[in-house]
Amino acid sequence: MTLDVAWAIDWVRRAATAVVEHREELVELDRQIGDGDHGENLTRGFTAVVAKLDALAEPPALVGDVLRLVATTLMSTVGGASGPLYGTAFLRAAKVTGLPALGPDGVVALLEAGLEGIVARGKAVPGEKTMVDAWAPAVAAAVQAAEEGAPASEVLGSAARAAHAGALATIPLVATKGRASYLGERSAGHLDPGARSSDLLLAAAALAAGAQL
Amino acid sequence: MTREVAAVALVLVSHSRELAQGAAHVAEQMAPGVLVVPAGGTEDGLGTSFARVEEALERAADGGRSVVVLADLGSAVLTTEAVLEMADEELAARVRVADAPFVEGAVAAAVTAHGGGDLAGVLASAQQAGAVFAGSGQGPAPVDPEPAAGEPDVDGAVRGRAVLRNPLGLHARPAAVLARRLAAMDARVTINGVNGASVLELMKLGLVTGDAVEVVARGAAAGDAVALVVGEVEAGFGEV
C-alpha cells in the first residue's frame, strides 16, 4: 500500500484512538515513576490534533503537512515534557517528508528525523529509560528492513515491532533522564511511560500501513 | 510615571502560572526598570504552553530588546528550546536560556539588567546565582579582599561603618537598592566581606536590625560608594 497523505491522516487518527484507549495505562505507568500526567497530556494533545484534522476544508497535499499539524498542535496543547519532545519529533519528521507519498527510504528518513528530534530536545541516549529506548531500535530495524528490500509498509512494521520490544526492555532500567531519574534505583521494575506511548504511536503508523504486528 | 526599560528583558517559564507570576513580582520589585514577562502553566492548569512561551518571548524581545529566559523543570526548558527552534532566527539570536536556579537566577539577572548589564552580563549573573548557594553552610564564596595589580593598594581603600536601623534589616529590597547602585559605580565594594554588587550575596548575609554594616571600597568612586552605603543604611532605606 502507498504511504500517502491518507495514510498519514489514518496514522494520526489511529494514534489518537490508541492514546485514548490506553490513557489509564499511561497514567498508571507515569504515576509509578513520574508525575502521573502522561496519559492525560497525550489525550489532550491528540484530541486537539483530531479536532484540527476534522476542521480542515480539504486534506493537505503532502505527508509532511500532516506531520507539521501534529507537531504544532502537540506543542501547544500537551503541557508536559512529551509535548516538546513529540512536537520536535513530528516537526523534524515533517521537514523530510514534504512529499505526496513515502517509499521505504522515506519511512526511514521520517523515523530517523523523529529520533533526532527527540534526542536533540531531550538529550537522552539509549539505556536511560526514555522514549529513545523505543525509537532507537525502531530506526535500526527500519534501516535494516529497507536495506533488505522490504516495502514501505513492512519497513514500518519492523520499526513498530522493534519499538514494542524496546519499550518492554525499559522495565529493568534505572532512569537517568527525566522526572523518573529523581527516583534513582526505585525507577527499576517499571515500564517507561514515554517508551510505551512511543510504542503505541509507531504501532498506529504500521497498522495504518496495513502491516502485521 | 515613565520608566526607562532596560535593554535586556526576562522571561520566566514555569509549570505553574502562579510560580511564574510570583517570581516575576519579586524580580520586578528589586529591578523596576526591567521588563519581566511570566509564562507559566497552560490553559488547563499545570504544565508549559508553547503558545504562552512564544507570546512572552515576542513581548519581551519587542523593540530590539535582548532576552534572558529562566525555566524551572523539564518541560519548561524543553518547550522554551522548541519555541526557539521554531522562532525567527533574528529573534532567537537575541535570546539566551540560563542554566540557573529559577527564583535566585531571576532576581540576580533582573538586578544586573536594571544596572545596564548586556545580554552576556545578565546571563552570567543568572548562572552565577546558583554558586551563591553551592557552599551552603560555609558562607558566601570568598571574595578577594586585595586589589588586583595596577589598582590602588590596600591603603587606597575607603572604609565606612553604619548600623542597620530599619525593622527588617538588609532584606531583599534594600539589598537590591545597594547592589544595583553599587554595580553602576566605578568602584569595587565589599559589604561585610561579600561583593556589594551581588544582591544574592547581600541577602545571604542575613543582616538584621542592630547589625553593623562594614563597607570597604576601592576605585575612582570609592568615596561615593561608601557614602552611598552609609547614607542609605543610616536613613533606614526609607523604611523608618
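This passage looks at how chains A and B meet in a predicted model, then at an aromatic group in chain A and the make-up of chain B.

Start with the contact between the two chains. On the chain B side, 16 residues are involved, and they touch 18 residues of chain A. Putting the chains together buries about 1,300 Å², with carbon and sulfur atoms giving 55% of that area. In chain B, the residues that lose the most area to chain A are Leu78(B), Glu85(B) and Met86(B). Together, this trio makes up 40% of what the chain B side buries.

Charge plays a part here too. Four salt bridges turn up across the interface of chain B and chain A. Glu85(B), already listed among the residues that lose the most area, has its side chain in a salt bridge with that of Arg92(A), at 2.7 Å from N to O. The polar contacts between the two chains come to six residue pairs, with both partners at pLDDT 80 or more.

As for where the chain B side of the interface comes from, helices α2 (50–61) and α3 (74–86) of chain B each supply at least two of its residues. The largest share belongs to α3(B), with seven residues. Sorted by type, the chain B residues that touch chain A split into six nonpolar, seven polar and three charged.

Now for the aromatic rings. Over all chains, the search comes up with two aromatic pairs. One of them joins Trp11(A) and Phe90(A) in a tilted arrangement, with the ring centres 5.6 Å apart and the planes at 40° to each other. Trp11(A) sits in helix α1 (residues 5–21) of chain A, while Phe90(A) sits in helix α5 (residues 82–95) of chain A, so the pair ties together parts that lie 79 residues apart in sequence. Both partners are tucked away: Trp11(A) has a relative accessibility of 3% and therefore counts as buried, and Phe90(A), at 5%, counts as buried as well. Trp7(A) joins in too, forming one aromatic cluster with Trp11(A) and Phe90(A).

Back to chain B, this time as a whole. Its secondary structure consists of nine helices and eight strands. The chain has 240 residues, and 48% of them count as buried. Among the contacts in chain B with a sequence separation of 6 or more, 76% are between residues 24 or more positions apart.

Terms used
Residues are numbered from 1 along each chain as its sequence is written. Chains are lettered from A and ligands numbered from 1 in the order in which they are written. This is a predicted model: local features need pLDDT of at least 70, side-chain atom pairs count only at pLDDT 80 or more; totals for chains, interfaces and linings use all residues. Side-chain values use heavy atoms; hydrogens and water are left out. Contact means heavy atoms within 4.5 Å. Buried area is the accessible area (1.4 Å probe) that two parts lose on being put together, summed over both. A polar contact is a pair of N or O atoms within 3.5 Å; within protein, one must be able to donate a hydrogen and the other to accept it, and residues adjacent in sequence count only if both atoms are side-chain atoms. Helices (H or I, at least four residues) and strands (E, at least two) are DSSP runs, numbered from the N terminus. Ala, Val, Leu, Ile, Met, Phe, Trp, Tyr, Cys and Pro count as nonpolar, Asp, Glu, Lys and Arg as charged, and the others, Gly among them, as polar. Rings of Phe, Tyr and Trp (its six-membered ring) pair if their centres lie within 6.5 Å; planes under 30 degrees apart count as stacked, over 60 as edge-to-face and the rest as tilted. Buried means under 20% relative accessible area, exposed over 50%, partly exposed in between (1.4 Å probe, protein chains only).
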